[in-house]
Amino acid sequence: MDLMLIFSLTCVAIFFIILLGLVMLLVTSEAYPNLGRFDSEKVFTDPKKDEKEEFPSIHDPPSVDLSVIVPAYNEQDRLPMMMDEALDYLEKRQTESPSFTYEIIIVDDGSSDKTSETGLKYSKKCGTDKVRVLTLEKNRGKGGAIRLGMFVARGKLLLFADADGASKFSDFRKLEVEMKKINKKPDNLAIVCGSRAHLEEDSIAQRSFFRTVLMKGFHFVVWFLCVRGVKDTQCGFKLLTREAAILLFSNLHVERWAFDVDMLYLAQYFSVPIAEVAIVWQEIEGKL
C-alpha cells in the first residue's frame, strides 16, 4: 500500500480517536463543579486511637508548610514505594530545617483493594499529623480525588503527586524554587508544573508510529483549543499555592481524564502565573 495512503488513513483514524476522546470528556464532565462530599469523606481515622477525627477546610488558615496530595486507585502494591521515597525526603528536609512542616494526604479513590489499609499503616507509623487517609465513598476520577484532597489540606503550598512514584520526589525542591520566582503578586496565585517534555525525544524513539502521532495529535488539540505555553500538561507532579488551589479546584469541571488541561485552562483564564520545570521521571510497571 502507498505510504501516503497509509499516513492519510492513520491521520484520519487518529482524528476520530481524538474526537471520540473529546466527546467522552464532554459526557463525563459536570455542567457545574461537583463540590459535594459524603459525610464519611469529612473525617479521617487515627489508627493509634481507633477514632475518627474531622478534616480541616482549605478555607481555614494554613498550619503546615506543605501538603502532599496523593490520589490512589487500587495502589496497594505501588503506594509503599512512593510513600517511602516521599517520607525519606520530607523527614530529611525537616531535620535540616526544623521549622519545616508537612503532611501527606492519601486519597483512596474508591479502591477495591487495600489502598486505604496500606495508607493507614503510614498514619500509624508517622502519626496523623503527618499522614492522613481520605477514603472516598465512590470512584470520582483522579481530578475529583485531588480536588477533595486539596479541600482538606493544611498547607501553604499544595503538591499533588502520583501514587506510582514515577516522579522523583526530591524534585519538589526544583518546583519550590521556581514557585518563589513567579509568585510575586499579593494575591499569592501561582502554579508550577513538573514536566517530562525534555524526555519526549527518547520516548518517541521507543514508541510506535501510531502512538507517536496520537501523542502529537493530543498535544496539538490541547494547544489549539485549551492551553498554550505548557509543553507537558499531563505530568502528575504539580505545585500550587493555597490560594490557587482554592480558585482552580473550586471551578474545575473535569474530574477524570485530562482534568489537568481543565485546571491549566482555568489558570490561564484567571491569569494565574504558570511555570514549567523539568523533572526526573520513569515508567513504573503495574496497572495498565
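## Reading a core, a cavity and two loops

Mentor: Of the 288 residues in this chain, 47% count as buried. Keep in mind that this is a predicted model.

Trainee: How many helices and strands does the chain have?

Mentor: There are 9 helices and 9 strands. Among contacts between residues at least 6 apart in sequence, 81% join residues at least 24 apart.

Trainee: Let's go inside. Which residues touch the most other members of the largest nonpolar core?

Mentor: The general idea is that nonpolar side chains tend to be buried together in soluble globular proteins. Here the largest nonpolar core holds 35 residues, and those touching the most other members are Leu66, Met83, Leu90, Ile104, Leu159, Phe169 and Phe237. Elements giving two or more residues to this core include the strands β3 (64–72), β4 (102–108), β5 (131–135), β6 (155–161), β8 (237–241) and β9 (274–278), along with the helices α2 (79–96) and α5 (172–182). The element that gives the most is α2, with 7 residues.

Trainee: What is Leu66 in contact with, once neighbours within four places in sequence are left aside?

Mentor: Its partners include Leu90, Leu157, Leu159, Phe172 and Leu239, and also Phe100, Thr101, Tyr102 and Glu103. Don't stop at that core, though: a second, separate one has 34 residues, including Ile105, Cys193, Val254 and Ala267.

Trainee: Now the holes. How many cavities of 30 Å³ or more are there?

Mentor: The count is 1. The largest cavity has about 60 Å³ of space.

Trainee: What lines the largest cavity?

Mentor: To read a lining, look at who is there and then at their chemistry. Met82, Glu85, Ala161, Asp162, Asp164, Gly165, Ala166, Ser167, Phe169 and Phe237 line this one. They divide into 5 nonpolar, 2 polar and 3 charged residues. Phe169 and Phe237 also appear among the core residues that touch the most other members.

Trainee: Take Ser167 from that lining. Is Ser167 buried or exposed?

Mentor: Buried, because its relative accessibility is 10% and the cut-off for buried is under 20%. Ser167 sits in the loop between β6 and α5. Not counting residues up to four places away in sequence, Ser167 touches Glu85, Cys235, Phe237, Ile279, Val280 and Trp281.

Trainee: What about backbone angles? Which value does phi of Asn188 have?

Mentor: The general idea first: most residues other than glycine have a negative phi. Asn188 has a phi near 55°, a positive value in a residue other than glycine. Ser271 also has a positive phi, of about 60°, although Ser271 is not a glycine.

Trainee: Where are Asn188 and Ser271 placed?

Mentor: Both are in loops: Asn188 in the one between α5 and β7 (191–195), and Ser271 in the one between α9 (259–269) and β9. As for accessibility, Asn188 counts as partly exposed because its value is 23%, whereas Ser271 counts as exposed because its value is 55%.

Trainee: What does Asn188 touch, beyond residues up to four places away in sequence?

Mentor: Asn183, Thr241, Glu243 and Ala244. With Asn183 there is a polar contact of 2.5 Å between the two side chains. For a view across the chain, try Val272: Asn188 and Val272 are 84 residues apart in sequence, yet 9.2 Å apart in space, C-alpha to C-alpha.

How values were computed
Residues are numbered from 1 along each chain as its sequence is written. This is a predicted model: local features need pLDDT of at least 70, side-chain atom pairs count only at pLDDT 80 or more; totals for chains, interfaces and linings use all residues. Side-chain values use heavy atoms; hydrogens and water are left out. On a 1 Å grid over the protein atoms alone, a cavity is a set of points where a 1.4 Å probe fits but cannot get out, and a pocket is an open set with protein on both sides within 12 Å along at least five of seven lines; lining residues have an atom within 4 Å of a point. Grid points are joined across faces, edges and corners, and a volume is the space filled by probe spheres set on the points. Ala, Val, Leu, Ile, Met, Phe, Trp, Tyr, Cys and Pro count as nonpolar, Asp, Glu, Lys and Arg as charged, and the others, Gly among them, as polar. A nonpolar core is a set of buried Ala, Val, Leu, Ile, Met, Phe, Trp, Tyr and Cys residues joined through side-chain atoms within 4.5 Å. Buried means under 20% relative accessible area, exposed over 50%, partly exposed in between (1.4 Å probe, protein chains only). Helices (H or I, at least four residues) and strands (E, at least two) are DSSP runs, numbered from the N terminus. Contact means heavy atoms within 4.5 Å. A polar contact is a pair of N or O atoms within 3.5 Å; within protein, one must be able to donate a hydrogen and the other to accept it, and residues adjacent in sequence count only if both atoms are side-chain atoms.
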